[in-house]
Amino acid sequence: MTTKQWTIVTYLLFVAMTLGAVLTLGIFVAATIFNSDSYLAGALLDHYNEGLLMAEIFRRFSYVISFLALVVFAFEANEYKHGRRDTWSLVSAFFVIVSALMFSAVYTPKILEMQRLGAEATQSDAFNALHIGSEIDFKILAVALAVLFIRRMRLMFVTK
């Protein structure tokens with residue numbers, strides 16, 4: 001395999017792994033943590049403490065998706081520079097970059113800050129709106145990653 005082929009395969013692997021992580025965190029981890037009383041003997045955690053655990057997981061994951069935004073930008077900018085332009089890839093890459101940076105640089109820090117203020121702050125309308133926004137952003141990230149992965153995979157097999 002050529003260096004370009006290795007680069008594309010590595011890029012696609014990273015995009016696919018991140019998509020898998022987004023889906024795993026959204027579908028399995030959040031559902032398990034916020035229903036911990038169903039899995040533990042006795043209610044050991046209240047909703048606030050479950051939120052603290054989930055926020056720490058997302059804080060750590062924000063490093064991964066920040067790096068993802070950088071990788072997607074670099075790869076797609078290089079493809080564009082070399083005349084290998086694809087509208088679907090560019091649009092989905094844009095949404096990946098924006099939603100990844102929104103999640104890691106806006107939503108996660110603001111949620112952590114509100115949690116530092118205590119349980120009362122996390123029960124406010126402002127926190128609820130912030131949390132809903134972060135969930136929507138995470139879903140946009142998942143869809144954009146899936147579209148980017150599928151489109152780049154398809155382009156690997158199309159000869160021009």
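**Salt bridges, pockets and a nonpolar patch in a five-helix model**

Arg 84 has a relative accessible area of 33% and is therefore partly exposed. This residue belongs to a predicted model, in which the protein has five helices and zero strands, arranged along the sequence in the pattern α-α-α-α-α. Of the 160 residues in the protein, 37% are buried, and the C-alpha atoms fill a box of roughly 60 × 30 × 20 Å when this is taken along the principal axes. The points below take up the salt bridges, the two largest pockets and a nonpolar patch on the surface.

**Salt bridges**

- Side chains of opposite charge can pair when their charged atoms come close.
- The count of salt bridges in the model comes to eight, and the pairs described below are among them.
- Arg 84 is joined to Glu 79 by a salt bridge in which the closest N and O atoms are 3.0 Å apart.
- The two partners in that pair differ in burial class, since Arg 84 is partly exposed at 33% relative accessible area, whereas Glu 79, with a value of 5%, falls under the 20% limit and is buried.
- Both Arg 84 and Glu 79 also belong to a network of salt bridges that links them with Lys 4, Glu 76 and Arg 152.
- Within helix α3, which covers residues 47-81, Glu 56 and Arg 59 are three residues apart, so that about one helical turn separates them, and their side chains meet in a salt bridge with an N to O distance of 2.6 Å.
- Glu 56 is partly exposed, with 26% relative accessibility, and Arg 59 is likewise partly exposed, with a relative accessible area of 27%.
- In helix α4, which covers residues 87-116, Glu 113 and Arg 116 are also three residues apart and hence separated by about one helical turn, and a salt bridge of 3.1 Å, N to O, joins their side chains.
- Arg 116 counts as exposed because its relative accessible area of 59% is over the 50% limit, while Glu 113, at 41%, is partly exposed.

**Largest pocket**

- The largest pocket has a volume of about 740 Å³, and its lining is made up of 29 residues, of which Phe 34, Met 54, Phe 58, His 131 and Glu 135 lie nearest its centre.
- Two or more residues of this lining come from each of the elements α1 (3-33), α3, α4 and α5 (125-157).
- Helix α5 gives the most to the lining of the largest pocket, contributing eight residues.
- By class, the lining of the largest pocket divides into 16 nonpolar, 11 polar and two charged residues.

**Second largest pocket**

- The second largest pocket holds about 360 Å³ of space, and of the 15 residues that line it, Lys 4, Ile 8, Glu 79, Leu 155 and Met 156 are the closest to its centre.
- Lys 4 and Glu 79, which are named among those residues closest to the centre, are also members of the salt-bridge network that includes Glu 76, Arg 84 and Arg 152.
- Helices α1, α3 and α5 each supply at least two residues of the lining of the second largest pocket, and α1 gives the most, with four residues.
- The lining of the second largest pocket has six nonpolar, two polar and seven charged residues, whereas that of the largest pocket has two charged residues.

**Nonpolar surface patch**

- Val 91, Phe 94, Phe 95, Val 98, Met 102, Ile 132, Ile 136 and Ile 140 form a nonpolar patch on the surface, and together these residues have about 670 Å² of accessible area.
- Helices α4 and α5 each supply at least two residues of the nonpolar patch, and the largest share, five residues, comes from α4.
- One of the patch residues, Ile 132, lies in helix α5 and is partly exposed, with a relative accessible area of 39%.
- Ile 132 is above the lower limit for patch membership because its relative accessible area of 39% is over 30%.
- Helix α4 thus gives the largest share of the nonpolar patch, and α4 is also among the elements that give two or more residues to the lining of the largest pocket.

How values were computed: Residues numbered from 1 in each chain as written. Predicted model: local features only at pLDDT ≥ 70, side-chain atom pairs only at ≥ 80, totals over all residues. Heavy atoms only, no water. Salt bridge = Lys/Arg side-chain N within 4 Å of Asp/Glu carboxyl O. Buried < 20%, exposed > 50% of the residue type's maximum accessible area, 1.4 Å probe, protein only. 1 Å grid on protein atoms, 1.4 Å probe; cavity = no way out; pocket = protein on both sides within 12 Å on 5 of 7 lines; lining within 4 Å. Points joined across faces, edges and corners; volume = space filled by probe spheres on them. Nonpolar A, V, L, I, M, F, W, Y, C, P; charged D, E, K, R; others polar. Patch = residues over 30% accessible without salt bridge, like charges linked within 9 Å, V, L, I, M, F, W, Y side chains within 5 Å. Areas by Shrake-Rupley, 256 points an atom, 1.4 Å probe, with all protein chains shown as cover.
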